[in-house]
Amino acid sequence: MTDGTESLDGLDDDDLTAGEMEREPDPSDSLRTFGAVVQALREHAGYSRAEFGDLVRYSKHTVESVELGRRMPDESFVELGEEATGNTGALRKSARFLTRGDAGLAVWFRRWARFEKVAVSLCTYECRLVPGLLQSEEYARAVFEGTIPVVTDGELEALMARRLERQRMLYTRPTVPFSFIVEEHVLRRRFGDAEQMRGMFDHVLEHSAPRNVTLQIMPLEGGLHACLDGPLQLLETPERRRLAYSEGQQNGRLISDAKEVSLLCQRYDTLRSQALNPQESRGLLERMRGEL
């Protein structure tokens, strides 16, 4: 069984050992510049990547990834790198200006987001909040503003920009089927005032209207069902490989083991038969909106 850290469908991920750093999906200019500084100092000191890796306590593959701007170095890498290259201060000072190239995505979600961009189908079950791809702007902002620890204004805007960018998939990829199953209580959870709630319902109705988007609601009176273990996402890659993703507190797990993914697909298919059909679901949404 996998935890999603291996290379999947051509993604050039290194095999990570405990404590190694997360690969950046979209290297920033600051990461590339920092990597060039690391490489120049390492070569000037006369170390190979393997030798330097021993000194900073990371693999030679991770050293290479940092030098190519593909990984964000942690504090220990910077400090040990400084010691190994003569304590010039270059690494400490340049590390202060490092920024990630994929702002607005949680570290644990980035690998899944890369598959999501090229998926030929995407299925989502949610029991916590309105799925990100269906959230109104006001709803998304309320979610991010309630994040603990509190994010800065800049981080909030980056989160909002990425959320709205992801939502464009529903329209820019009209031949990709998107399926959503959402618990009724999620849609009834209040946020803001009645006008904001109506805006949320209008947004969900609008974004689930295209022919490639299917929304089903699991009603409160539906009782126990097949996906009680928590939220779930499923997708199919262009190579017809099926993958799954589950998320909890401060973590996410990409699942590629064929047997486990097959089981999760069975659960989702069963849930489809237990939830309201799309027409009934839209009717329930419209009634909930009218109750405000």
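Student: In this protein, what share of the contacts with a separation of 6 or more comes from residues 24 or more positions apart?

Tutor: In this predicted model, residues 24 or more positions apart account for 75% of the contacts with a separation of 6 or more. The secondary structure comes to 13 helices and 6 strands, and buried residues make up 47% of the 292 residues.

Student: How is the confidence of the model to be read, and where does pLDDT stay under 50?

Tutor: The protein averages a pLDDT of 87, and 87% of the residues score at least 70. Over residues 1-20, however, pLDDT stays under 50, although the model has 46 contacts beyond four places in sequence for this stretch.

Student: How should I read a nonpolar core, and which residues have the most contacts inside the largest one?

Tutor: The general idea is that in soluble globular proteins nonpolar side chains tend to be buried together. Here the largest nonpolar core has 35 residues, and those with the most contacts inside it are W112, V130, F178, F180, L187, M200 and L285. The elements that give two or more residues to this core include the helices α6 (110-116) and α13 (278-290), together with the strands β2 (178-183), β3 (213-218) and β5 (242-248). Helix α11 gives the most, with 5 residues.

Student: With which residues is L187 in contact, leaving aside its neighbours within four places in sequence?

Tutor: With those neighbours left aside, L187 is in contact with V130, V182, M197, M200, F201, I217, L285 and M288. There is also a second, separate core of 16 residues, and V38, L41, V56 and L98 are among them.

Student: How do I describe two helices that pack together, and at what angle do α2 and α3 meet?

Tutor: In general, two packed helices are described by the angle between their axes and the distance between the axes. Helix α2 (residues 49-56) and helix α3 (residues 60-67) pack at an angle of about 100 degrees, and their axes are 8 Å apart, which makes α2 roughly perpendicular to α3. On the α2 side the contact involves R49, A50, F52, G53 and V56, which meet K60, V63, E64 and E67 in α3. By class, this contact has 4 nonpolar, 1 polar and 4 charged residues.

Student: How is α1 placed with respect to α3?

Tutor: Helix α1 (residues 29-45) packs with α3 at an angle of about 125 degrees, with their axes 7 Å apart, and the two are therefore oblique to each other. The contact is made by L31, R32, F34, G35, A36, V38, Q39 and R42 of α1, and by V63, V66 and E67 of α3. These residues divide into 6 nonpolar, 2 polar and 3 charged.

Student: How do I judge a single residue, for instance S179: is S179 buried or exposed?

Tutor: The relative accessible area is compared with a cut-off, and under 20% a residue counts as buried. S179, which is found in strand β2, has a relative accessible area of 5% and is therefore buried. Beyond its neighbours within four places in sequence, S179 is in contact with L122, C123, T124, T214, Y268 and R272.

Student: And G86: is G86 buried or exposed?

Tutor: G86 counts as exposed, at 52% relative accessibility, since the cut-off for that term is over 50%. G86 has its place in the loop between α4 (75-84) and α5 (90-95). The C-alpha atoms of G86 and L41 are separated by 8.9 Å, while the two residues are 45 residues apart along the chain.

Notes. Residues are numbered from 1 along each chain as its sequence is written. This is a predicted model: local features need pLDDT of at least 70, side-chain atom pairs count only at pLDDT 80 or more; totals for chains, interfaces and linings use all residues. Side-chain values use heavy atoms; hydrogens and water are left out. A nonpolar core is a set of buried Ala, Val, Leu, Ile, Met, Phe, Trp, Tyr and Cys residues joined through side-chain atoms within 4.5 Å. Buried means under 20% relative accessible area, exposed over 50%, partly exposed in between (1.4 Å probe, protein chains only). Helices (H or I, at least four residues) and strands (E, at least two) are DSSP runs, numbered from the N terminus. Contact means heavy atoms within 4.5 Å. pLDDT is the predictor's confidence in each residue, from 0 to 100. Axes are lines fitted to C-alpha atoms, for helices over the stretch in contact, and angles run from 0 to 180 degrees between N-to-C directions. Angles under 35 degrees count as roughly parallel, over 145 as roughly antiparallel, 65 to 115 as roughly perpendicular and the rest as oblique. Ala, Val, Leu, Ile, Met, Phe, Trp, Tyr, Cys and Pro count as nonpolar, Asp, Glu, Lys and Arg as charged, and the others, Gly among them, as polar.
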